[in-house]
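Subject: Structure handover

Hello,

Here is the structure I promised to pass on. Please open it first, then read the notes below it.

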Amino acid sequence: MIRTMVFAGIIALAACSSEAQDSAKTQDVPAPQIKPIAAKAAQVAEPHSEPLHDAQSSSPNPDAAPKKMDWSKPLTCVGQAVQGGALLCRTYGSTYVTLGGTKVQSDGSGQVILGFDRDAPSTVTAKLVDPGGHSYSQTFDVKAREWDISRIDGLPKNQVSEYTAEELKRIRAATARKKIGFASQEPVVRLTSDGFESPVKDYIKTTNFGAQRILNGIKKRPHYGVDMAAPAGTPITAPADGVVSLADMDMYFEGSLIMIDHGQGLISYYMHMQDVLVEPGQIIKTGDVIGKIGTRGRSTGPHLCWRLKWRGQNLDPELLTKWPDQVQLSQD
Ligand SMILES: [Zn+2]
């Protein structure tokens, strides 16, 4: 529930900025480790006559199976094809899926997550090659969005544009640690078709995902997160099951940073906390407390900056909290 009155005094500037937090978006997530496959001539969908994998018995996490899936189709998904959105899809086990320029492999039960970057083009085609060598394709119409303009003035220069040698050293060291966190490769989908729960129960949203940031009058990278203002010390909970891939209290811009790998390349992350209560490698469940709201790093007031990546692409975590209301997509 979003409360709109109580925190008004503290949230006017409770926000963060991002341009240096995200190095080039394709650099901080590794290419999936998958084997080359033989090229197939046909990329057009065709009826699939082989028996499907028994996903319910083979899935390491059967609860994660999307509801209302059509098991007769090569690719069936829940979610929304929209800029910043993602789909949780069912295909055949160990099937290669290439979405745009990103190549992934479904987990053993056939689940795969597909994401659409903030700046995804209007159509994106998924090409599938199953273990039997059959090829399929499906083109998604990606709904375009409009983005806010977000201005913050009065930030210290060493948080925006002018860094000392010592600060640059800290920034580079933090970037190297972030790459390790984003390199996590949990193979099994730990997200369910219920999507995310909000990591903060009572908050005021101060910045939307995707907002074009202008800091001290300088145009910066878009804001790739959702800023959720709440009093310092407010618990932050895991929005879905996952494995902690980074837990760090000494980041230059983020102040503190937690990353949770939800499997299949989907990594959510959390900034500016006054307390980090998890450790790398820790397996966590939905609702576990991972940290507490703070204002560390480049932050102008107590808030959580909640972000989400899928294999280097920037997604809107709010869209995944609304999955149950979204339409199902399937191949005709
Ligand atoms: Zn933020």
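How many disulfides does the count come to? The count comes to one. Please keep in mind that this is a predicted model.

**The disulfide**

The bond is formed by Cys77 and Cys89, with their sulfur atoms 2.1 Å apart. The torsion about the S-S bond is about 100 degrees, so the disulfide is right-handed. It links distant parts of the chain. Cys77 sits in strand S1 (residues 76–79), and Cys89 sits in strand S2 (residues 86–90). The two cysteines are twelve residues apart. Both Cys77 and Cys89 are buried. Another cysteine, Cys305, has a relative accessibility of 0% and counts as buried.

**The chain as a whole**

The chain has 332 residues, and 53% of them count as buried. It holds four helices and 22 strands. Its accessible surface comes to about 14100 Å². Carbon and sulfur atoms account for 53% of that surface. Now take the contacts with a separation of 6 or more: 72% of them are between residues 24 or more positions apart.

**A sheet of four strands**

Two of the sheets are worth a look. Strands of a sheet pair through backbone hydrogen bonds, either parallel or antiparallel. One open sheet has four strands, in the order S4-S3-S6-S7. The pairing in this sheet is antiparallel. Strand S4 (102–105) and strand S7 (135–141) stand at the edges. Each has a single partner strand, so one side of each is left without a neighbour in the sheet. Neighbouring strands are turned by 20 degrees against each other on average, direction ignored.

Inside this sheet, look at strand S3 (residues 96–99) and strand S6 (residues 123–129). They run antiparallel and are joined by four bridges. Where does Val97 find its bridge partner in S6? The partner is Leu128.

**A sheet of three strands**

Another open sheet has three strands, in the order S8-S10-S11. Here the pairing is mixed. The edge strands are S8 and strand S11 (218–222), and each pairs on one side only. On average, neighbouring strands of this sheet are turned by 25 degrees against each other, direction ignored. Strand S10 (residues 212–215) pairs with S11 in the antiparallel sense, over three bridges. One residue to find is Gln212, whose bridge partner in S11 is Pro222.

**Aromatic pairs**

How many aromatic pairs does the structure hold? It holds ten. Two of them follow.

One is the pair of Tyr163 and Tyr252, which is edge-to-face. The ring centres are 6.2 Å apart, with 80 degrees between the planes. Tyr163 lies in the loop between strand S8 (149–152) and helix H3 (165–182). Tyr252 lies in the loop between strand S14 (242–251) and strand S15 (255–261). The pair therefore ties together parts that are 89 residues apart in sequence. Are these two tyrosines buried or partly exposed? Tyr163 has 24% relative accessibility and counts as partly exposed. Tyr252 is buried, with a relative accessible area of 6%.

The other pair is Tyr270 and Trp306. Their ring centres are 6.5 Å apart and their planes stand at 20 degrees, so the pair is stacked. Tyr270 lies in strand S16 (residues 266–271), and Trp306 lies in strand S20 (residues 303–310). This pair ties together parts that are 36 residues apart in sequence. Tyr270 is buried, at a relative accessible area of 0%. Trp306 is buried too, at 1%.

There is also an aromatic cluster: Trp147, Phe209 and Tyr224 form it.

**One loop residue**

Last, find Ala232. It is in the loop between strand S12 (225–229) and strand S13 (235–237). Is Ala232 buried or partly exposed? Its relative accessibility is 46%, so Ala232 counts as partly exposed. Which residues does Ala232 touch, not counting those up to four places away in sequence? They are Gln274, Ile293 and Pro302. The C-alpha atoms of Ala232 and Gly294 are separated by 4.9 Å. Along the chain, Ala232 and Gly294 are 62 residues apart.

Best wishes

Technical notes: Residues are numbered from 1 along each chain as its sequence is written. This is a predicted model: local features need pLDDT of at least 70, side-chain atom pairs count only at pLDDT 80 or more; totals for chains, interfaces and linings use all residues. Side-chain values use heavy atoms; hydrogens and water are left out. Two strands pair if DSSP finds at least two bridges between them. Axes are lines fitted to C-alpha atoms, for helices over the stretch in contact, and angles run from 0 to 180 degrees between N-to-C directions. Buried means under 20% relative accessible area, exposed over 50%, partly exposed in between (1.4 Å probe, protein chains only). Contact means heavy atoms within 4.5 Å. A disulfide is a pair of cysteine sulfur atoms within 2.5 Å. Accessible areas come from the Shrake-Rupley method with a 1.4 Å probe; for residues, only the protein chains shown count as cover. Rings of Phe, Tyr and Trp (its six-membered ring) pair if their centres lie within 6.5 Å; planes under 30 degrees apart count as stacked, over 60 as edge-to-face and the rest as tilted.
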